[in-house]
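Dear colleague,

Please find below the structure that I am handing over to you, together with its sequence. My findings follow directly after it.

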Amino acid sequence: MDFAHPKILYLLAVLPLMLALYLLARFARRRKLARYGNPASLAPLMPEASKYKPAIKITLQMLAVACLIIALARPRHGEREISETREGIEIMIAVDVSRSMLASSTDDAKGISRLDRAKYLFKRLINNLENDKVGLVVFAGNSLLQLPITTDFVSAKIYIDELSTSMISEQGTDIGAAIDMSLQGFSSDEDVNRAIILLTDAEDHEEQANALAAKAKEAGVQVNVIGVGTAKGALIPVGNGSSEFLKDEEGTPVTTRFNADAARMIAENGGGNYINGNDADADKQMVDLLDKIDKANLGAVKYKASAERFYIFLWIAFALIITDIFVLDRKIGWLSKINFFSKPVK
């Protein structure tokens, strides 16, 4: 047996505390009774008080608490095979890792970088996808297929954290190459709807993006753009978090500006949508748009999962709590008439 949340078992440490408080309360009770007289003389004055019921009740309560804590830790035992039929679309996410993505994504020069904003949006997108397949392309002066189309969202999140401007040595921004590489990264399955999401500041240095977006549309692939950055522009740090900025040959700091018009044009040619990445709900907007694309059968997925056993402990806890409710502190009338330790006088 193992537990999904083993750290919750540390809460079992409250059981000794419960026992200590119970013993302290019983001790305090005996001391108070002793103030009024000899306990043996006072006992006949409390004929209904049971010596054993309090101990039984605290035992039931402690067992109930223990079972609830174990249930919260989600015990699992054994394996069961699960088969699920997935219906969704294939989504290739292309992230711009050119040097300009180190610039601030807001009008504040010290704001979050465009690349960090893109990572954040990428993670939010992944968290909102369910049965779809996802892949990853990174691009700057050229493109690299980082993760082929897959249902493994865990691996996708690992790749997100590793995104950096050092992944591609050739600088520049070739969005057209990113679209072309994304098309190559899709599976060979037929009758599956597909979409590309570009996370970029849209500073395209090669100017082939519109033609390749149209090509993708002809192939039945929707091209969407989430733009990061502002039209005001920002300086480009030499490194992430650096206080030094990139300069041109004349020593003038280079300003990079988000090209919203170019982003809209790419999305329009690709039959997709443009979303401002600085919007608080940019990820939700994109997911809502993707949900409008017809889903296709992506095949059955079989996997083994540990069988949950928490419900057993919940039922035990429930039974113990109900029992505790009906166990009163006073003696059981009919049971008190039975003498278990001496023979009846004839």
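In this protein, 81% of the contacts with a separation of 6 or more are accounted for by residues 24 or more positions apart. Please note that the model is a predicted one. The protein has 346 residues, of which 39% count as buried, and its secondary structure comes to eleven helices and eleven strands.

The sheet

Six strands form an open sheet with mixed pairing, and their order is β5-β4-β3-β6-β7-β10. The edges are β5 (143-150) and β10 (274-276), each of which pairs on one side only. From one strand to the next, the twist averages 15°.

Within this sheet, strand β3 (residues 90-96) pairs with strand β6 (residues 194-200) in the parallel sense, over six bridges. Met 92 has Ile 196 of β6 as its bridge partner.

Helix α4 (residues 114-128) lies across β3, β4 (133-139), β6 and β7 (221-227). The helix runs at about 165° to β3.

Helix α7 and its two neighbours

Two helix pairs that involve α7 deserve a description. The first is α6 with α7: the axes of helix α6 (residues 175-185) and α7 come within 7 Å and cross at roughly 20°. The two helices are therefore roughly parallel to each other, and α6 passes α7 in a left-handed crossing. On the α6 side, the residues in contact are Ile 175, Gly 176, Ala 177, Ile 179, Asp 180 and Leu 183, which meet Ala 209, Leu 212, Ala 213, Lys 215 and Ala 216 in α7. Sorted by class, this contact has eight nonpolar, one polar and two charged residues.

The second pair is α7 with α8. The axes of helix α7 (residues 209-218) and helix α8 (residues 260-269) come within 7 Å, with a crossing angle of roughly 25°. Because angles under 35 degrees count as roughly parallel, α7 is roughly parallel to α8. Here the crossing of α7 past α8 is right-handed. The contact is made by Ala 209, Asn 210, Ala 213, Ala 214 and Lys 217 from α7, and by Met 265, Ile 266 and Asn 269 from α8. Its make-up by class is five nonpolar, two polar and one charged residues.

Ala 209 and Ala 213 of α7 thus appear in the contact with α6 and also in the contact with α8.

The loop between β3 and α4

Ser 100 is found in the loop between β3 and α4, and Leu 102 is found there as well. Is Ser 100 buried or exposed? With a relative accessibility of 7%, Ser 100 counts as buried, since the limit for that class is under 20% relative accessible area. Leaving aside residues up to four places away in sequence, Ser 100 touches Arg 114, Asp 201, Glu 203, Ile 236 and Thr 256. Arg 114 belongs to the stretch of helix α4 (residues 114-128). Ser 100 also has a distant sequence partner in Phe 258: the two are 158 residues apart in sequence, while their C-alpha atoms are 9.6 Å apart in space.

Leu 102 is buried too, with a relative accessible area of 8%. Its C-alpha atom is separated by 6.0 Å from that of Arg 114, twelve residues apart along the chain.

Two residues with positive phi

Which backbone angles call for inspection? Arg 74 is not a glycine, yet its phi is positive, at about 55°. This residue is found in the loop between α3 (53-72) and β2 (75-88). Arg 74 is partly exposed, with a relative accessible area of 31%.

Ala 202, likewise a residue other than glycine, has a positive phi near 65°. Ala 202 is found in the loop between β6 and α7. With a relative accessible area of 2%, Ala 202 is buried.

In brief, the account covers an open sheet of six strands with mixed pairing, helix α4 lying across β3, β4, β6 and β7, and helix α7 roughly parallel to α6 and roughly parallel to α8. To these are added the buried residues Ser 100 and Leu 102, and the positive phi values of Arg 74 and Ala 202.

Yours sincerely

Technical notes: Residues numbered from 1 in each chain as written. Predicted model: local features only at pLDDT ≥ 70, side-chain atom pairs only at ≥ 80, totals over all residues. Heavy atoms only, no water. Axes fitted to C-alpha atoms, helices over the stretch in contact; angles between N-to-C directions. Helix = DSSP H or I, 4+ residues; strand = E, 2+ residues; numbered from the N terminus. Parallel < 35°, antiparallel > 145°, perpendicular 65-115°, else oblique. Left-handed = near helix turned anticlockwise from the far one by under 90°. Contact = heavy atoms within 4.5 Å. Nonpolar A, V, L, I, M, F, W, Y, C, P; charged D, E, K, R; others polar. Pairing = 2+ DSSP bridges. Buried < 20%, exposed > 50% of the residue type's maximum accessible area, 1.4 Å probe, protein only.
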